[in-house]
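Student: I have a structure open and would like to look closely at one part of it. Could you walk me through that part slowly?

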Amino acid sequence: MLDIKVLRNDPDWAKTKLGARGVKPEKIDEVLALDEKRRGIIVKTEELKARRNQVSDQIAAKKRNKEKADDEIAAMREVGKEIGALDKELAAVQTEQDDILVRLPNFPADDVPMSMDENDAREEYKWGTPRQFDFTPKAHYELGEALGILDFERAAKVSGARFVYYKGAGARLERAVYNFFLDEHYKEGYTEMITPYLVNDDSMFGTGQFPKFTEDVYSITNDGEPLTLIPTAEVPLVNYYRGDIIDAEKLPISFTALSPAFRSEAGSAGRDTRGLIRMHQFNKVEMVKFCKPEDSWNELKNLIHDAEDLLQKLGLPYHVITLASGDASFTSAKTNDLEVWLPAQDRYREISSCSNCTDFQARRAQIRYRDDNGKPQFVHTLNGSGLAVGRAVAAILENYQNEDGSVTIPDVLVPYMAGQTVITAE
């Protein structure tokens, strides 16, 4: 959530920044008008409380002198009624203001391309050279079905579209990929976590999914209380410290977790309807960091490095881009996507988004630390996929395919595959 003081102190700057994220300037004017009204009510309330205290003193003095204080008591009751009415008005205005504030996205960082067009993303650099095939490469879903390791048809029968069964060597490959990811993150100092897969509304609010994205999730009701299937392990990982003041000496803190991710993909009808790219359920290894504000941009570099390291060890070509302001996530000040090369599509596709959320999530979730003066300050939070497992499997199948339809296992995964070096038809 944004700090209302920033909007108040420099509304023109805020309008420019948020305009690059699709927020109309009238929305800023609206929230500032409510803020001014709210502060005016507070001033009136404080004046009335001061008057009430004064009258209370007069009543006490008259009672000590055994004088009548009927007029003063009546006046105090009227003041009490006015204060009560103003308190109700204040609560209503505060609710209206907060309803707007919680729907405003984070301010984009200064070096982010200011555009609502996703095509204005800036390529930072490339790693690896896409393989030149002497045959026409097949799509991962064609390879997987032919090898008998991916079964979309039976998954559709059981669950519907955009679900899959991994089978035999496919299941082993998926497991090999995420175990490899977790082991590499452990080497980099991440604390591995196994998180809840169902979270409450406060947790979804804390990381910015609610109230804006309620249509993009799957929810259930447990004893009348709503719970949401996590769209990413970022939600339970960030909320681990919700409402806490973290010991500053422990910062930065790095968490990693494997979890399923559940997404309804409400706004993606007709996109990537085949294969592993856009699923309703998929595995993802997540990275989350908590740090002091002055360290967050360096921690973003570390986050990107940790995701890149996995792709490099797998030998998968990729590039790194900085997303345009209008294409970054709601909570992000800056997002760098890692996009892996998919030969069958002849293009790079996202496999990791590494974001610095600055204090946006920490403000919503009330996650703080004490500075050198002992004053509570909001931490900065960062998150990134390290990596999306299904997309990594898709990239391995396509980049390591052979003309006979078999797939060679990347060297780093062979130990995780019990020595298996090639996947052939089962």
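Which strand does strand 1 pair with, in what sense, and over how many bridges?

Tutor: Happy to help! Keep in mind that this is a predicted model. Strand 1, residues 122-127, pairs with strand 11 in the antiparallel sense, and five bridges join the two. To find one of those bridges yourself, go to Arg122, whose bridge partner in strand 11 is Thr322.

Let's stay with strand 11, which covers residues 318-322. This strand also has strand 12, residues 334-342, as a partner. Strand 11 and strand 12 run antiparallel and are joined by five bridges. Here you can look for His319, which stands opposite Glu339 in strand 12.

Now turn to how covered strand 11 is. Five of its five residues are buried. Tyr318, Val320 and Thr322 point one way from the strand, while His319 and Ile321 point the other way. Both sets of side chains are buried.

Tyr318 deserves a longer look, and its ring is a good place to begin. The structure holds 13 aromatic pairs. In one of them, the rings of Trp127 and Tyr318 have their centres 5.6 Å apart and their planes at 15 degrees, so this pair is stacked. Trp127 belongs to strand 1 and Tyr318 to strand 11, so the pair ties together parts that are 191 residues apart in sequence. The two partners can be compared by their cover. Tyr318 has a relative accessibility of 0%, so it counts as buried. Trp127 has a relative accessible area of 29% and is partly exposed, because that value falls between the limits of 20% and 50%.

For a contrast in ring geometry, try Phe255 and Phe290. Their ring centres are 5.8 Å apart and their planes stand at 75 degrees, so this pair is edge-to-face. Phe255 is in strand 9 (residues 253-262) and Phe290 is in strand 10 (residues 281-291), so this pair too links distant parts of the chain, 35 residues apart. Phe255, at 5% relative accessibility, counts as buried, and so does Phe290, at 0%. These two rings also belong to one aromatic cluster together with Tyr240 and Tyr241.

A ring can have a charged neighbour as well. The charged end of Arg364 sits over the ring of Phe205, 4.2 Å from the ring's centre.

Finally, let's visit the nonpolar interior. The largest nonpolar core has 55 residues, and Leu173, Val177 and Phe181 are those with the most contacts inside it. Helix 7 gives the most to this core, with eight residues. Another core, of 25 residues, lies apart from it and includes Leu32, Leu34, Val79 and Phe330.

Helix 7 itself runs over residues 169-187, which makes 19 residues. From first C-alpha to last, the helix reaches 27 Å, close to the 27 Å expected. Its buried residues include Leu173, Val177, Phe180, Phe181 and Leu182. As a rule, an α-helix has 3.6 residues a turn, so residues three or four places apart point the same way. With neighbours up to four places away in sequence left out, Phe181 touches Val285, Leu310, Leu314, Gly386, Leu387, Val389 and Ala392. Just after helix 7 you will find Gly189, which takes a positive phi of about 95 degrees.

Conventions:
Residues numbered from 1 in each chain as written. Predicted model: local features only at pLDDT ≥ 70, side-chain atom pairs only at ≥ 80, totals over all residues. Heavy atoms only, no water. Helix = DSSP H or I, 4+ residues; strand = E, 2+ residues; numbered from the N terminus. Expected span 1.5 Å × (residues − 1). Buried < 20%, exposed > 50% of the residue type's maximum accessible area, 1.4 Å probe, protein only. Pairing = 2+ DSSP bridges. Core = buried A, V, L, I, M, F, W, Y, C linked by side-chain atoms within 4.5 Å. Contact = heavy atoms within 4.5 Å. Phe/Tyr/Trp six-rings, centres within 6.5 Å; stacked < 30°, edge-to-face > 60°. Lys NZ or Arg CZ within 6 Å of the ring centre and 35° of its normal.
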